[in-house]
Protein chains: 2
Amino acid sequence: MLEVFKKYITDKVSISEDELNEILSYAILKKLRKRQFLLQEGDVWRYNAFVSSGFLRKFSVDDKGTEHIMSFSPENYWTGDRESLVNETPSKFNIEALENSEILLFKKEDFEMLCRKIHVFNNMVNNILHRSFITSQSRIHSSISLSSEEKYNNFVLKFPSIANRVPQHMIASYIGISPETLSRIRSQANKK
Amino acid sequence: MLEVFKKYITDKVSISEDELNEILSYAILKKLRKRQFLLQEGDVWRYNAFVSSGFLRKFSVDDKGTEHIMSFSPENYWTGDRESLVNETPSKFNIEALENSEILLFKKEDFEMLCRKIHVFNNMVNNILHRSFITSQSRIHSSISLSSEEKYNNFVLKFPSIANRVPQHMIASYIGISPETLSRIRSQANKK
DNA sequence: TAAAATCATTGACATTTATCAATAGTTTTT
DNA sequence: AAAAACTATTGATAAATGTCAATGATTTTA
C-alpha cells in the first residue's frame, strides 16, 4: 500500500505533493506470502525495501545449519542488506516474510537519485540511518556487557511488540543464545 | 594538527579551499595525555570528535566494575557518543586516551551548521555514518553467530593494527569475553 | 479431520566460560 | 635503581550454556 508509505514520510518531514508522488512513482510493489524470501544468501541485494505491511526477518545460516537472526522488520520499517548493496557483493543473509507482507522496493540507482534530487527525502533517510546506527550500538553494548537473562529482559523491554509477535526461539536466535537456554531462563525467572 | 584533518577530508571529497578553511575554523583543538578522559560517564556529550593523532577507547563500567569496550579510535577516526549527542542525555560511556592524542572537537551546532552549509561535507559525513553502520552490523553478526575463538580470530583479521596496539585484555573486553578465556584460546591455538 | 510440522519444555550430560587466586615477566613511575 | 602497576598465564573450581533426545501442546497443512 502506497498510502502507508505516504503517511510514513509525511509524518517525518514536510514535503510537497509533487515530490511525494515522484518518490512513489519509483516504488516497486512486492507482495510476499508467509515463508517467501525477499533475499536469498548468495544473491546481491540491489534495493531499499520499505515494509508497508507484514513482518520480515533477516538471518544467516552457519555451517551447522543454525540460523542467526540479524533483524526483525515490521510494517513501517526498512530492510535489506546494506553491505551487499554498497559493495555489490553476494549477501550472507536471507530475508524472509514471517507473515504475509507488502514491500515497496526502490532500486539503488533510483533511490540515490531521489536522495540527490529531493533534499528533505535525503535528510529523512540520513536521519533513519543515524537512528539505526544508534540502535545497533546499543545492541552491541548489550551483547558484550549483559548476561543472557539481561539480554532477554532488555529485548522484551525494548521491543515488546516484536517479542509478542515471534516464537521464542527466534528471540533466542536474535540475542545469540540457544532456545533451550532461553526457555530455562524464563522458567527460572517465573519461580521468583 | 589541522593538516591531518585537511588531508582526511581532501582524500575523501573534492572541496574548495574556502570551504575547507571554514570547517577548520570551527575546530577546537584538544590535547590529551595518556589516561586522560575526553568524556566521563554521566556527562552529556556535545561534540563530534576527530582523532588527528593518538589512540582512544570508549568503554562502560558495569556494577561489578568490569569494563566493556565499545570502540577503539586511532588517528583518522571519529569518536563520541551519538546517543548522548542526539538525545542530550547523560552518557553511559567513558572515552579515554590510551596514548597521547590530539583531537579536533566540533560543537554539535557548528557541525550541523557546516553539514547544512557545505554540501560535500554533509555527504562525507553521511558516508562515514553509512560505513560505520555496516561495520557495526558486522560486529553484531559476529557476536551472535561466532564462537569466542572465531570472534578473536575475526578481530585480529579485521583490525590487525589495533590488535597490535592494545593489551590483550582489551581485545577480550571488546569481543565480550574474559581475559583469561582469551589467554587460553590463544594458548590452545598455539599448540596446533 | 487426520497427519504433519512447529514450538516450548525438560532431563541428562558435555563443553565452554567465568571467577578467584597465585605467579612471573614487563613496563611505568617514583 | 627500586617500587609500583600492569599484563599475561595458569590452575582449580563453579557457573553458565550448548547439545541431544524425548515429550506434549499447539498450529498448520493436506
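A residue counts as near a molecule or strand if one of its heavy atoms lies within 4 Å of it, and helices (H or I, at least four residues) and strands (E, at least two) are DSSP runs, numbered from the N terminus. The model is predicted, so local features need pLDDT of at least 70 and side-chain atom pairs count only at pLDDT 80 or more, while totals for chains, interfaces and linings use all residues. Residues are numbered from 1 along each chain as its sequence is written, chains are lettered from A and ligands numbered from 1 in the order in which they are written, and side-chain values use heavy atoms, with hydrogens and water left out.

Let's start with DNA strand C. Around this strand sit 16 residues, and A:Gln168, A:Ser183, A:Arg184, B:Ser148 and B:Thr181 come nearest. H9(A) gives the largest share of the surface near DNA strand C, with four residues. At least two residues each come from H8 and helix H9 (179-191) of chain A and from helix H9 (179-191) of chain B. Sorted by class, the surface near DNA strand C has two nonpolar, eight polar and six charged residues; here Ala, Val, Leu, Ile, Met, Phe, Trp, Tyr, Cys and Pro count as nonpolar, Asp, Glu, Lys and Arg as charged, and the others, Gly among them, as polar.

What part of DNA strand C does the protein meet? Of the strand's atoms within 4 Å of the protein, 63% belong to sugar or phosphate and the rest to bases. Some of these meetings are polar contacts, meaning a pair of N or O atoms within 3.5 Å (within protein, one must be able to donate a hydrogen and the other to accept it, and residues adjacent in sequence count only if both atoms are side-chain atoms). A:Gln168 uses a backbone N or O atom, which lies 2.5 Å from a phosphate oxygen of DNA strand C. With A:His169, a side-chain N or O atom is 3.0 Å from a phosphate oxygen of the strand. Chain B joins in too: a polar side-chain atom of B:Thr181 lies 2.6 Å from a phosphate oxygen of DNA strand C.

Now for DNA strand D. It is surrounded by 16 residues, the closest being A:Ser148, A:Ser178, A:Thr181, B:Gln168 and B:Arg184. Here H9(B) supplies the largest share of the nearby surface, four residues. Sugar or phosphate accounts for 59% of the atoms of DNA strand D within 4 Å of the protein, and bases for the rest. One contact reaches a base: an N or O atom in the side chain of A:Arg184 is 3.3 Å from a base oxygen of DNA strand D. Phosphate oxygens of this strand are met by side chains of chain B, with B:Gln168 at 2.6 Å and B:His169 at 3.1 Å.

Next, how do the two protein chains meet? In total, 28 residues of chain A are in contact (heavy atoms within 4.5 Å) with 28 residues of chain B. The area buried between them is about 2,600 Å², and carbon and sulfur atoms give 70% of it; buried area is the accessible area (1.4 Å probe) that two parts lose on being put together, summed over both. A:Phe133, A:Ile140 and A:Ile144 supply 23% of the area that chain A buries against chain B, more than any other three residues. On the side of chain A that touches chain B, H5(A) brings the largest share, 15 residues. By class, that side has 11 nonpolar, 13 polar and four charged residues. Eight residue pairs are in polar contact between the chains (both at pLDDT 80 or more).

Salt bridges (a side-chain nitrogen of Lys or Arg within 4 Å of a carboxyl oxygen of Asp or Glu) tell another story. Across the interface of chain A and chain B there are zero, yet the count over all chains comes to 20. One of them joins A:Lys31 and A:Glu102 (3.4 Å, N to O). Because A:Lys31 lies in strand E1 (residues 28-32) of chain A and A:Glu102 in strand E6 (residues 94-107) of chain A, the pair ties together parts that are 71 residues apart in sequence.
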